[in-house]
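User: I have a structure open and want to learn how to read it. Can we go through it feature by feature?

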Amino acid sequence: MFTTKLQNEIKNIIFNLYNIELDVALEFPTNASFGDLACTAPLSLAKSLKRAPMEIANEIKDALEQLAFVELSEITCIAPGFINFKYSDGFYTTVLQSIVEQNNTFGYNSQFLGQKIIIEYTDPNPFKVFHIGHLMTNCIGESLACILEANGANVKRANYQGDVGLHVAKSLWGIFEQLRIKNITLEALDSWNLDDVIDFFGQSYSYASNASKNGTENLSFEEVLDAQKELNILAYVSAQKLLMETEGWTPLINYPQILNLDSFTSKYKLDDVYKLYTKGRQLSLDYFETLYKRLGTKFDYYFFESLLGEYGLEIVKKGLADGIFDVGENGAIIFKGEDYDLHSRVFVNSYGLPTYESKDLGLAKLKYSKFAYDKSYVVTGNEINEYFKVINCAMTKVAPELAPKCFHLGHGMMRFKDRKMSSRTGDVVGGDELLNMAKNTALAKMQEEGSSSSLSSDQQLLVADQVAVASIKYSVLKINIGQNISYDQEATLALSGNTGPYLQYTHARCCSILENESQDFSKVQLADLNEAELSVLRNLSKFENVVYTAGTDLTPNTICTYLYELAQSYNSFYNANRILDAPNPQKLTRVMLTAAVKIVMANGLRLLGIPAPTQM
RNA sequence: GUCCCUGUAGUUCAACGGAUAGAAUACACCCCUCCUAAGGGUGAGAUGUAGGUUCGAUUCCUACCUGGGAUACCA
């Protein structure tokens, strides 16, 4: 990148002139009249040198002019002490050429080359609804994965799904009850379509949730809770049995012994629970897979709570023997976070079952055994930031070699402004529900415009889905990670303004212009550029830097902002200038500019996990 | 109570300690005999309060106020 080259030269000059090691930063001025690049080093040097910043600026400028950069046409010093740079036409020619040559790898770099990074995200729970919170985590995680890859890392995508725990017990109870009440057999579900089964699970979970608070016609809420507690134990045993049968797993934990199953009596038969558990689990996972496909995520690893419970418990037991953990009230095993200015947390509960805490310890180790990572990221909502601090602290004790490699990225929570009730689940908006709403909005727009009438109806449906994904993903990604998002349905589904579809539209527009154009740009020499063209070129030249900093800072939103500015400048140029009707050499220049915008837009959208249709 | 995060146009969001704080939306007006109007152009509108550090503060520090989260057996 030219910016790094210039940066280093300035650094050298400062060292030679003043014998100071300064980390020189270059910035892109917001106001184009200040040039294409700016350096503020003279301002920060002024104090230590006890000299006027303008003098320093001029000295650096003189030294730079000695080097006669072909990339620059002008270097100016402006009070109080900025050095501003203007790119030359030759530099822009080179930029366009490398974009066209490198095509779909343009902008990508190798800063993380050789690094193995595993990133975990989405983490939905089988039996439960995949809601917009999961959608949000998926969007962010997928984009981060793409960004890390574009910066050269070897990335593996992981998904951790909670197939045991109280939520599973609740679901099982709800499904048993609903099957009984509605007189449906478990086998009958096989002939249903998947969406209906998932609906049914969702309703069953709501029913169970409500019953555990308010009871039912025939049962008090205490009786419901007792039944769910029984099912919780049976679900753990079922999960273990499944592991043994499908993966030849040798159990580390003897659940029947821990849970005193010999003296355990339940009105549920283990066989019945096992049947429902395995079927329901598989159907849930199949359903999630349809969503991942729609969202464009392909996971390399799936981890399940059932397995991690076994790993985690072993680790904590050993830690207890080593004095890392303590026995707390009721025999629970705890980690005393208070000793480190954190909260204390329970790692194994008083029933002897591992909590999520110990599972996360196990997960870090299991991930490492599958893929010896240099870094491991876990993407979740920020409500569990404090929780992860405790986990990481405990990890420095039980797995000191892994702890420094593990990071938690807490993203903001989706908050409801004017909360729309979900028809299906009662209190949350489902992921597929939102996707379908967005898809219908897009379809309506396509029919209204008629511009995509050359597409078959199948293709229209495909494009509409791509637009839906874009509008949802972009509305999540354009905001800083960590910042809460207020869910505004109208804004999420919007197709114009600062939205994903706007970017897609710009890409499609470029494709349409290029459709019948030959693309031999070898003779292009930029000259006599107008302001609109320059503005597009300025943006194009920034892309490599944007990808680089998005990689170091893990900030998809900087990509969003950048692509939006690029699209704005291009559309503005498009409206003010004729492209195909222009005389040569202008026409060739403008067609090349269009080709470059198309490439950068597609590459940028890919970093956001957003598809770029060629027609819409 | 303690700890963490947050506060910017009516609303939703931007802004490595830098130059005139950017957008979108909503509102008003203009532009398809022209390559995709899901577009472009024009206008008006904002840094919670009080101090401090700095040549320079939306950004860093302190206090207060606002909103959210965590605070041992859900994560």
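User: Let us start at the C-terminal side. Which residues does UniProt list for "domain: DALR anticodon binding"?

Analyst: A record gives a name and a span; the model then shows what the span is built from. In an unreviewed entry, UniProt lists residues 503-616 under that name. In this predicted model, the span is 68% helix and 0% strand. Its end C-alpha atoms lie 12 Å apart.

User: And where does UniProt place "domain: Arginyl tRNA synthetase N-terminal"?

Analyst: At residues 4-87, again from an unreviewed entry. Here the span is 46% helix and 21% strand. The end C-alpha atoms of residues 4-87 lie 15 Å apart.

User: How much confidence does the predictor attach to chain A, by mean pLDDT?

Analyst: Begin with the chain, then go to its elements. The mean pLDDT of chain A is 92, and 97% of its residues reach 70 or more. Among its elements, strand 5 has the highest mean pLDDT, 98. Helix 9 (residues 255-258) has the lowest, 74. The model as a whole scores ipTM 0.96 and pTM 0.95.

User: Now sheets. What is the strand order in the open sheet of four strands?

Analyst: Read the order across the sheet, then look for the edges. The order is 1-2-4-3, and the pairing is antiparallel. Strand 1 (26-27) and strand 3 (72-78) are the edges, each pairing on one side only. Helix 3 (residues 53-67) packs on this sheet and touches strand 3 and strand 4. Its direction makes about 165° with that of strand 3.

User: Over how many bridges do strand 3 and strand 4 pair?

Analyst: Six, in the antiparallel sense. Threonine 76 stands opposite asparagine 84 in strand 4. Strand 2 (residues 37-39) also pairs with strand 4 in the antiparallel sense, over three bridges. There, alanine 38 stands opposite asparagine 84. So asparagine 84 has threonine 76 opposite it in one pairing and alanine 38 opposite it in another.User: What joins strand 3 to strand 4?

Analyst: A hairpin, through three residues. Proline 80 is found in that loop. Check the peptide bond just before this proline. From alanine 79 to proline 80 the bond is cis, with omega near 5°.

User: What is the usual form of a peptide bond, cis or trans?

Analyst: Most peptide bonds are trans, and most residues other than glycine have a negative phi. Exceptions are worth a look. A cis bond also runs from asparagine 584 to proline 585, with omega near 5°. Proline 585 sits in the loop between helix 19 and helix 20 (586-607). For phi, turn to phenylalanine 127, where the value is positive, near 80°. This residue lies in the loop between strand 5 and helix 5 (132-150).

User: Next, the open sheet of five strands. What are its order and pairing?

Analyst: Use the same reading method. The order is 7-6-5-11-12, with parallel pairing. The edges are strand 7 (301-304) and strand 12 (406-411), each pairing on one side only. Neighbouring strands are turned by 25° against each other on average, direction ignored.

User: Over how many bridges do strand 11 and strand 12 pair?

Analyst: Six bridges, in the parallel sense; strand 11 covers residues 375-381. Tyrosine 377 stands opposite phenylalanine 407 in strand 12.

User: Which strands does helix 12 lie across?

Analyst: For a helix on a sheet, list the strands under it, then take an angle. Helix 12 (residues 356-370) lies across strand 5 (116-120), strand 6 (154-161), strand 7, strand 11 and strand 12. It runs at about 150° to strand 7.

User: Last, the RNA. How many residues surround RNA strand B?

Analyst: Count the surrounding residues, pick out the closest, then ask which elements supply them. Here 76 residues surround RNA strand B. The closest are Ala38, Asn349, Tyr356, Gly497 and Ser512. Elements that give two or more residues include helix 2 (41-49), strand 4 (82-87), helix 13 (385-398) and helix 19 (556-576).

User: Which element gives the largest share of the surface near RNA strand B?

Analyst: Helix 17, with eight residues. That helix spans 500-514.

User: How does that surface divide by class?

Analyst: It has 32 nonpolar, 31 polar and 13 charged residues.

Methods. Residues are numbered from 1 along each chain as its sequence is written. Chains are lettered from A and ligands numbered from 1 in the order in which they are written. This is a predicted model: local features need pLDDT of at least 70, side-chain atom pairs count only at pLDDT 80 or more; totals for chains, interfaces and linings use all residues. Two strands pair if DSSP finds at least two bridges between them. Axes are lines fitted to C-alpha atoms, for helices over the stretch in contact, and angles run from 0 to 180 degrees between N-to-C directions. Two residues are in contact if their C-beta atoms, placed from the backbone, lie within 7 Å. A residue is near a molecule or strand if its C-beta atom, placed from the backbone, lies within 6 Å of it. Ala, Val, Leu, Ile, Met, Phe, Trp, Tyr, Cys and Pro count as nonpolar, Asp, Glu, Lys and Arg as charged, and the others, Gly among them, as polar. pLDDT is the predictor's confidence in each residue, from 0 to 100. UniProt positions are given in the numbering used here, feature names are shortened, and annotations may be inferred rather than shown by experiment.
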